[in-house]
Amino acid sequence: MPVDSKRFTGPEDSTDYRVFMQKKPNPLHQRKGRGNDEQRKVYLKTGVISHAKGSAYVEQGHTKVMVGVYGPREIQKRSDFTMKGLITCEFKFAPFSCPNRRSHQADAEELELGLLLKECLESTIRMNLYPKSCIDVFVTVLEDGGGALASAITATGLALADAQIAMYDNLVGASASVHKDKLLVDPSLEEESSPTHGGTGEGNITIGYLNTVEQVVCMVSQGVLSPENYNQALDLAIKQCGILLPAIQQCQVEAFKLKLKEQPQP
């Protein structure tokens, strides 16, 4: 086999140093005194990518997500006419976003999350208004502190509104986790991870919700949940979406006022 002469790989019978390390709780992944039904602090901002049609940045605790929306654009090299447009979604974790470094190439988890987000947007965007058009959505997770998919759903809804894409309602994401005999809203990375992955969670649920029409457009469940815990976690996540909605609407109002000031006055 070829050998990299410029890299010291260590002896073949060596042991990773992390085996001998004592596991300590990460202070970034603790609830820090907040209640089981309390949301982490949220920061929302739109217009963060100058060359995108619409963009948004969401910071939820230690989870940081950025979304860019491009289009609608005409689908090239397509002869058939369709009254319904297309959506493409790319979900990507930055290499430095997780405790273990991620690859630059898309893995199975990123492809699955991209498909889930696409199905969510197909039920949110009024695609009948964009015939023979395509809308591209790019999601980048800068730091995964737990609830990355829920933050990505919220950020995508903000970015679509910033791009002036017609939707049925504001899209909000929320998550809930089962921790022993308790239900935790907006879990951290350690709380939503299973014990086999170094976490303490038994199961979690993530939803995308339209508050006005009261419709769940996306729902992902992981782990083992009893029917009772499943219903309670779903109700808790829906309630959390209603709590997040005023902050999203306030962010949209401030962004609209800023755009009005930037327009030239007659």
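Student: Which residue in S9 is the bridge partner of Leu210?

Tutor: The partner of Leu210 in S9 is Gln215. Before going on, note that this is a predicted model, in which local features need pLDDT of at least 70, side-chain atom pairs count only at pLDDT 80 or more, and totals for chains, interfaces and linings use all residues. Residues are numbered from 1 along each chain as its sequence is written, and side-chain values use heavy atoms, with hydrogens and water left out.

Student: What do labels such as S9 and H1 stand for?

Tutor: They are DSSP runs, numbered from the N terminus: helices (H or I) have at least four residues and strands (E) at least two. Two strands pair if DSSP finds at least two bridges between them. S8 and S9 pair in the antiparallel sense over eight bridges. They form a hairpin with four residues between them, and Glu214 in the turn has a positive phi of about 55°.

Student: In what order do the strands of the sheet with S8 and S9 lie?

Tutor: The order is S7-S6-S8-S9, in an open sheet of four strands with antiparallel pairing. S7 and S9 (215-223) are the edge strands, each pairing on one side only. From one strand to the next the twist averages 20°; for such angles, axes are lines fitted to C-alpha atoms, for helices over the stretch in contact, and the values run from 0 to 180 degrees between N-to-C directions.

Student: How many bridges pair S6 with S8?

Tutor: Eight bridges pair S6 (residues 171-179) with S8 (residues 203-210), in the antiparallel sense. Across this pairing, Ser175 stands opposite Thr206, and Ser177 stands opposite Asn204.

Student: Is S8 mostly covered or mostly open?

Tutor: The scale is relative accessible area: buried is under 20%, exposed is over 50%, and partly exposed is in between (1.4 Å probe, protein chains only). S8 is mostly covered, as eight of its eight residues are buried. Both faces are covered: Gly203, Ile205, Ile207 and Tyr209 are buried on one side, and Asn204, Thr206, Gly208 and Leu210 on the other.

Student: Which strands does helix H2 touch?

Tutor: Contact means heavy atoms within 4.5 Å. H2 (residues 148-162) packs on the sheet and touches S6, S8 and S9, its direction making about 170° with that of S6. H1 lies across S6 and S9, running at about 160° to S9.

Student: What else does H1 lie across?

Tutor: H1 (residues 108-122) also lies across S4 and S5 (133-143), at about 145° to S4. S4 and S5 belong to an open sheet of five strands with mixed pairing, in the order S1-S2-S3-S5-S4. Its edge strands, S1 (42-46) and S4 (86-93), each pair on one side only. Within this sheet, seven bridges join S2 (residues 54-60) to S3 (residues 63-74), which run antiparallel. Tyr57 stands opposite Met66 in S3.

Student: How many salt bridges are found in the whole structure?

Tutor: Side chains of opposite charge can pair when their charged atoms come close. The test for a salt bridge is a side-chain nitrogen of Lys or Arg within 4 Å of a carboxyl oxygen of Asp or Glu. A search of the whole structure finds seven. One of them joins Asp186 to Arg40, with the closest N and O atoms 2.8 Å apart. This pair links distant parts of the chain: Asp186 is in the loop between S7 (182-185) and H3 (189-192), and Arg40 is in the segment before S1, 146 residues away.

Student: Why does Asp186 count as buried?

Tutor: Asp186 counts as buried because its relative accessibility is 2%. Arg40 is buried too, with a relative accessible area of 10%.

Student: Which residue forms a salt bridge with Lys92?

Tutor: Glu110 does, with the closest N and O atoms 3.5 Å apart. Lys92 is in S4 and Glu110 in H1, 18 residues apart. Both residues are buried.

Student: Which residues join Arg102 in one network?

Tutor: Start with the pair Arg102 and Glu109, a salt bridge whose closest N and O atoms are 3.3 Å apart. Arg102 is buried at 14% relative accessible area, whereas Glu109, at 40%, counts as partly exposed. Salt bridges that share partners join Arg102, Asp107 and Glu109 into one network.
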